[in-house]
Amino acid sequence: MRFPLADCNSPIVESMFESITEKLTAAFSRLTSRGKLTEANIQEGLREVRQALLEADVNFKVAKDFIASVTAKAVGKEVIESIRPGQQIVKIVHDELVALMGPTDGYIHWQSSGPTVILMAGLQGSGKTTTCGKLAKYLVKKGKRPLLVAADVQRPAAIQQLQVLGKDLGVPVYAEPSGRPPKICERAIGHAKETDRDVVILDTAGRLHIDAALMQEVKEVADRTKPDEIFLVCDAMTGQDAVNSASAFHAQLPLTGVVLTKLDGDARGGAAMSVKAVTGKPIKFVGLGEKLDEFDEFHPDRMASRILGMGDVITLVEKAQASLEQGKVEKAAEAFMKDQFTFVDFLEMMQQVKKMGKMKDILSMIPGLGSQLKGVDVDDKDIGRIEAIVQSMTITERLHPELFNGSRRKRVAQGSGTSVEAVNQLLRDFQQMRKMMKQMKGMMGGKLGRAKMAQFAKLKGKGGPDSEAFRKFQGGLGGPKR
Amino acid sequence: MAFGLGGALGKLRAGLQKTREKLSQSLKGLFAIGRKLDQDLIDELEEKLIAADMGPATATQIIDEVKAAYKARAFKDPNDVYVFLKDKIRALLGGPDAGGDIRFAATPPTVVLVVGVNGSGKTTSIAKLASILTKEKKKVLLAACDTFRAAAVEQLEIWSQRIGVEIIKAQTGADPAAVAFDAADAAVARKVDVLLVDTAGRLHTKENLMQELGKIQRVIKKKLPDAPHEVLLVLDATTGQNAIAQAKTFREVVDVTGLFLAKLDGTAKGGVVIGIRNEVGLPVKFVGVGETPDDVERFDPDAFAEALFE
């Protein structure tokens, strides 16, 4: 039974602070607070940025162009006194990434007369069929009456797959057992008009962008059906080749947007940047799981953090807001900052965290931690056991863990149905955790950190999280105290 | 199972045609001018490796070796750099475990478990393996353990009919481990040579789905203690650096023995297998180079390195 966060010597905790902000802070440590950013003095730092982008699978050419534009933006800027140069660069980089991938655009061009036609295209295995189902569900929620069209006559059972999805959703599916997709799609639109469906979603076969015949075929589908939207479906795990396939699809089809799939994995998703750079078309939606409602509009700021390896703090916070009781969080945060963190706070924190979902899912959203979590066994049952141990302590013991002697440990072990070893382990972990909190506090730096912590605790969920505030909060986490 | 090497090389080369043309052109471009091995050239070289999805870590490592060899005056002309690179990659990818011979059980049935993330090409890759094995006069049985994705069972069933092999299946939503157990049972009873087990695509970050996969392997072991004899991780050649995380995580849950590199007939270079070999140790066993069941080749490190840099 281990509480993985509690071990401050573990590589996990180390890497947690080793985000891009951290690396950049180190790279800029020699830069004084006076003076300007010059091409020479930011070069080393930008190498770190480049490395981060390449690790995230951003195409090397796109990364190169990006670095050039960041250099142009950064050079000549006064070093702002209150901010470390590393953070200043991170902000410039982050903002540029957001600008490049944004803006948020979930807009669909609706046809005023007759059904709106949406064509989905992409490589094999990118997730077109699942995305069609998700889009249909999304549109039904918006009060639309979609018709799904099975235009994939290539892959065995692709038609059945769409039919099953349609049945689950209660959305009709138009299919013909054989024939040419352009004709099928054309007839499907006629069918939609007859049956009073106002959106037609065309699920085309996956195809390689260098397959001339199949590319011609999808072009023909587009020519005949005159889609209002043509979405390229792109797997978030795609590597350097994303630019080649996206530009080939873009050359053949008048794309209007991109859907990025499989973002529920731990890929950093640099393909998003590559695809946006070569097509210039907005990333409209993202796929976040196998369930049909795991579909969302694209958030460029979250994607930017993800590509930079900063973790998806905003989603984490949204999750937290949805499930936490504000007063209790504030209290825990306060205890945290005041160095008075006891088992009482610990228990409350665990109970709050438990409400947010599976421990592993939550941890994976913490900056820099996600990629380190593989192989770390975070069993939610362990949390139950830890809770049992704490609940077997008297209130005095919870407030003063230093009281624990042998017989108290034995009693708690018996009371919680665990072993003395387990109790010892928890006590050790708790001490480590306190130690780590002290370190974190040091890193966030005195008053400034405290203010940010309070800011963190006070953000409430009404109009969604204040992403700007959170970006600032994230920025504040980097680097040792000056 | 040894495929004709001539044909294998031919198809692999055809699949890598684009790659080869691109890389060799750009490499020749780099060296033709008789440039000095300066920082610019090294940066460009590194870019070529990264463009092939080798990943910055592995690329840097290889480039460092180039630099060291240069310092030791190992290169007489720029072409030597290119030979050096090719040898490095060949050496990395090679080894006794690389290449496409399935490890057959001492006594049949041999069980091959096929795993991977969603959309990597597992079912098509199974069809390819089934096709090859059938041609080699092996009696093949398929197990449709992807009971999750809509119509996945039907997809494999259509392949089984096209290739002419038997299939063990259950309804969508059934316990995949139970299907695997039944299939292992049937494989023994029907005296098949090879049982190919298809599994649902799962992202390696989904703990519960990974546990389910572990259970499938355990259940097969209950019936056949030495099985599975081969666990192939199917990797989409277009995948970037996340493939390394996939390889690491899948290997923690099941005894992955090698990679099936699918969809190498596009423009993607599949260079992440070099990173995987370097960081995780897994060899590539097979390469998928098209959509028909015949578009499969055993992986040949020499041919791969040759094709990459020829």
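Strands β2 and β3 of chain A, the latter covering residues 173-175, lie side by side in this predicted model and pair in the parallel sense over 3 bridges. One of the matched positions is easy to look up: Val149(A) has Tyr174(A) in β3(A) as its bridge partner. Between these two strands comes a helix, α7(A), with residues 158-169, and β2(A), α7(A) and β3(A) make a right-handed β-α-β unit.

Now look at the other pairing of β2(A). Strand β4(A), residues 199-204, runs parallel to β2(A), and 6 bridges join the two. Here you can find Leu148(A) standing opposite Ile201(A).

How many of the residues of strand β2(A) are buried? The count is 6 of the 6 residues from 146 to 151, so the strand is largely enclosed by the rest of the structure. Try following the side chains along the strand. Pro146(A), Leu148(A) and Ala150(A) belong to one side, while Leu147(A), Val149(A) and Ala151(A) belong to the other, and both faces are covered. Two of these names should be familiar by now: Leu148(A) is the residue opposite Ile201(A), and Val149(A) is the one bridged to Tyr174(A).

Let us step back to the whole chains. The table puts their overall values side by side.

| Property | Chain A | Chain B |
|---|---|---|
| Helices and strands | 22 helices, 8 strands | 12 helices, 8 strands |
| Buried residues | 56% of 482 residues | 60% of 310 residues |
| Accessible surface | about 20400 Å² | about 11400 Å² |
| Part of that surface on carbon and sulfur atoms | 52% | 51% |

The contacts tell us about the path of each chain as well. In chain A, among contacts with a separation of 6 or more, 77% are between residues 24 or more positions apart. For chain B, the corresponding value is 78%.

Finally, where do the two chains meet? In the model, 40 residues of chain A are in contact with 45 residues of chain B. Together the chains bury about 3600 Å² between them, and carbon and sulfur atoms account for 54% of that area. Charged side chains take part too, with 3 salt bridges found across the interface. One salt bridge to look for is formed by Arg50(A) and Glu46(B), whose closest N and O atoms are 3.9 Å apart.

Notes
Residues are numbered from 1 along each chain as its sequence is written. Chains are lettered from A and ligands numbered from 1 in the order in which they are written. This is a predicted model: local features need pLDDT of at least 70, side-chain atom pairs count only at pLDDT 80 or more; totals for chains, interfaces and linings use all residues. Side-chain values use heavy atoms; hydrogens and water are left out. Buried means under 20% relative accessible area, exposed over 50%, partly exposed in between (1.4 Å probe, protein chains only). Helices (H or I, at least four residues) and strands (E, at least two) are DSSP runs, numbered from the N terminus. Two strands pair if DSSP finds at least two bridges between them. A crossover is right-handed if, with the strands pointing away from the viewer, the path from the first strand over the helix to the second runs clockwise. Contact means heavy atoms within 4.5 Å. Accessible areas come from the Shrake-Rupley method with a 1.4 Å probe; for residues, only the protein chains shown count as cover. Buried area is the accessible area (1.4 Å probe) that two parts lose on being put together, summed over both. A salt bridge is a side-chain nitrogen of Lys or Arg within 4 Å of a carboxyl oxygen of Asp or Glu.
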